Amino acid sequence: MSGNESVAAMLRGFCCAVVTGGSSGIGRAVISRMAQYAPDVPVFNLSRTMAAGPPIHPRLTHLACDLTQATAIEEVAVRLRTLMPREGRMLLVNNSGFGSYGAFPDPGVGRNLEMIDLNVRAIVHLTGLLWPELQARGGVIVNVASLAGYQPTPLMSTYAATKAFVLNWSVALDAEARPHGLRCLAVCPGPVSTNFSRAAGFATSTGLGGQTAEACADEILDAMEGEAIERVTGLRNRLLSVISARLPKAWAAAVGLRMIRRLRLDRLLRRDT
Ligand SMILES: NC(=O)c1ccc[n+]([C@@H]2O[C@H](COP(=O)([O-])OP(=O)(O)OC[C@H]3O[C@@H](n4cnc5c(N)ncnc54)[C@H](OP(=O)(O)O)[C@@H]3O)[C@@H](O)[C@H]2O)c1
């Protein structure tokens with residue numbers, strides 16, 4: 001079986017996919033790949049706005065939802081239950097998230113709390129509400145963490161800590177879930193060219209380069225095919241994660257602060273943030 005055929009077979013093994021933040025960036029690229037490899041599998045995109053441009057998937061349903069709001073998550077879970085096929089393995093991709101840049105509490109305590117609500121609380125809440133189905137039917141949960149989750153990261157302290165939560169929570173959940181035919185995979189991208197920089201308050205690209213959203217999506221599918229519990233996307237990022245995870249935390253934070261300051265990212269911030 002060729003690589004593409006095995007990815008298609010793996011994706012066709014799901015009765016449906018629930019993807020948060022499928023309107024842009026990595027989530028959108030995952031949905032586009034699903035359209036390419038398994039167009040018959042229905043996909044539900046949970047995000048505030050619909051993907052711009054022509055439809056990216058023939059069986060895509062957009063469920064408008066602000067995942068920072070607990071009541072919105074409860075409502076969307078009820079809707080999902082009425083719309084999802086009643087049987088079959090499920091794919092849940094918890095991808096919605098955003099970051100910020102600046103010395104705490106910039107860009108504001110409220111924005112930090114919103115980040116925790118979206119990057120942490122929403123994942124636990126949505127997964128918890130869908131847990132009875134996931135546990136009974138089996139499947140895969142993909143949680144999008146970050147390379148930043150491997151070390152304390154000054155000037156991105158709250159963001160990196162939310163992603164450390166996602167990473168550790170996913171690995172622990174996997175251990176509990178495996179006996180039920182359910183897997184949990186933490187995906188940790190480094191820089192990816194998406195709307196992420198804009199949402200983080202930058203006026204332009206940070207110039208840190210990185211992967212395309214499509215390359216990142218391909219690595220997510222590749223990791224789903226294997227038995228991995230965590231996958232750092234990109235070879236360079238994998239090497240960095242190995243080093244970061246082994247450094248004493250205080251040392252990693254001090255060196256990180258010096259390196260990030262040297263990038264002078266604050267000159268790229270939008271003035272309205
Ligand atoms: N790009 C990177 O460099 C990078 C690196 C490491 C990890 N990541 C992680 O990858 C994930 C996807 O980010 P991305 O790079 O693809 O950025 P993106 O293009 O900005 O996508 C973020 C997605 O999250 C959704 N979202 C934002 N606020 C939301 C809310 N309140 N409720 C529901 N959905 C919301 C957005 O949709 P709406 O605006 O329509 O709601 C959008 O579809 C995030 O978890 C991010 O932390 C990104």
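## Ser96 and the β4–α4 loop

A polar contact is a pair of N or O atoms within 3.5 Å; inside the protein, one atom must be able to donate a hydrogen and the other to accept it. Ser96 makes such a contact in this predicted model. Its side chain reaches the backbone nitrogen of Gly21 at 2.9 Å. Ser96 sits in the loop between β4 and α4. With 14% relative accessibility, Ser96 counts as buried, because the cut-off for that class is under 20%.

What does Ser96 touch, leaving aside its neighbours within four places in sequence? Its contacts are Thr20, Gly21, Leu46, Leu67, Leu118 and Asn119. Gly21 thus appears twice: as a contact of Ser96, and as the residue whose backbone nitrogen the Ser96 side chain reaches.

## Two cis prolines in the β4–α4 loop

The loop that holds Ser96 also holds Pro105, between β4 (89-94) and α4 (109-137). Pro107 is placed there too. Both prolines follow a cis peptide bond. From Phe104 to Pro105, omega is near 5°. From Asp106 to Pro107, omega is near 0°. Most peptide bonds are trans.

## The ligand shell

There are 28 residues around the ligand. Which of them come nearest? They are Arg48, Thr49, Asn95, Tyr159 and Thr194. By class, the shell has 14 polar residues, eleven nonpolar ones and three charged ones.

Oxygen atoms of the ligand take part in several polar contacts. A polar side-chain atom of Thr49 lies 2.5 Å from a ligand oxygen. In Ser24, an N or O atom of the side chain is 2.9 Å from an oxygen of the ligand. Asn195 uses its backbone: one of its polar backbone atoms is 3.3 Å from a ligand oxygen. On its own, the ligand has 870 Å² of accessible area, and the protein covers 93% of that. Two elements give two or more residues to the shell: α2 (25-37) and α5 (157-177).

## His57, in the β2–β3 loop

His57 is located in the loop between β2 (43-47) and β3 (60-64). Is this histidine buried or exposed? His57 is buried, at 5% relative accessibility. The His57 side chain reaches the backbone nitrogen of Arg59 at 2.9 Å.

Not counting residues up to four places away in sequence, His57 touches Ile31, Met34, Ala35, Ala38, Pro39, Val41 and Val43.

## Cysteines without disulfides

How many disulfides are there? The count is zero. Cys16 is in none: the nearest cysteine sulfur, in Cys15, is 3.7 Å away. A disulfide needs the two sulfur atoms within 2.5 Å, so a pair at that distance does not qualify. Cys16 is buried, with a relative accessible area of 0%.

Cys188 is unpaired because the closest cysteine sulfur, in Cys216, is 10 Å from its own, too far for a bond. Cys188 is also buried, with a relative accessible area of 0%.

## Pro189, in the β6–β7 loop

Pro189 is in the loop between β6 (182-188) and β7 (192-193). Its relative accessible area is 6%, so Pro189 counts as buried. What surrounds Pro189, not counting residues up to four places away in sequence? Its contacts are Ile26, Val144, Ala145, Ser146, Leu147, Cys216 and Thr233. Among them is Cys216, the residue whose sulfur is the closest to that of Cys188.

Pro189 and Ala122 are 67 residues apart along the chain, and their C-alpha atoms are separated by 20 Å.

## Positive phi outside glycine

Most residues other than glycine have a negative phi. Leu155 has a positive phi of about 70° and is not a glycine. Leu155 lies in the loop between β5 (139-144) and α5. It is buried, with a relative accessible area of 16%.

Arg264 also has a positive phi, of about 50°, and is not a glycine. Arg264 is found in the segment after α9 (249-263).

Methods
Residues are numbered from 1 along each chain as its sequence is written. This is a predicted model: local features need pLDDT of at least 70, side-chain atom pairs count only at pLDDT 80 or more; totals for chains, interfaces and linings use all residues. Side-chain values use heavy atoms; hydrogens and water are left out. A residue is near a molecule or strand if one of its heavy atoms lies within 4 Å of it. Accessible areas come from the Shrake-Rupley method with a 1.4 Å probe; for residues, only the protein chains shown count as cover. Helices (H or I, at least four residues) and strands (E, at least two) are DSSP runs, numbered from the N terminus. Ala, Val, Leu, Ile, Met, Phe, Trp, Tyr, Cys and Pro count as nonpolar, Asp, Glu, Lys and Arg as charged, and the others, Gly among them, as polar. Buried means under 20% relative accessible area, exposed over 50%, partly exposed in between (1.4 Å probe, protein chains only). Contact means heavy atoms within 4.5 Å.
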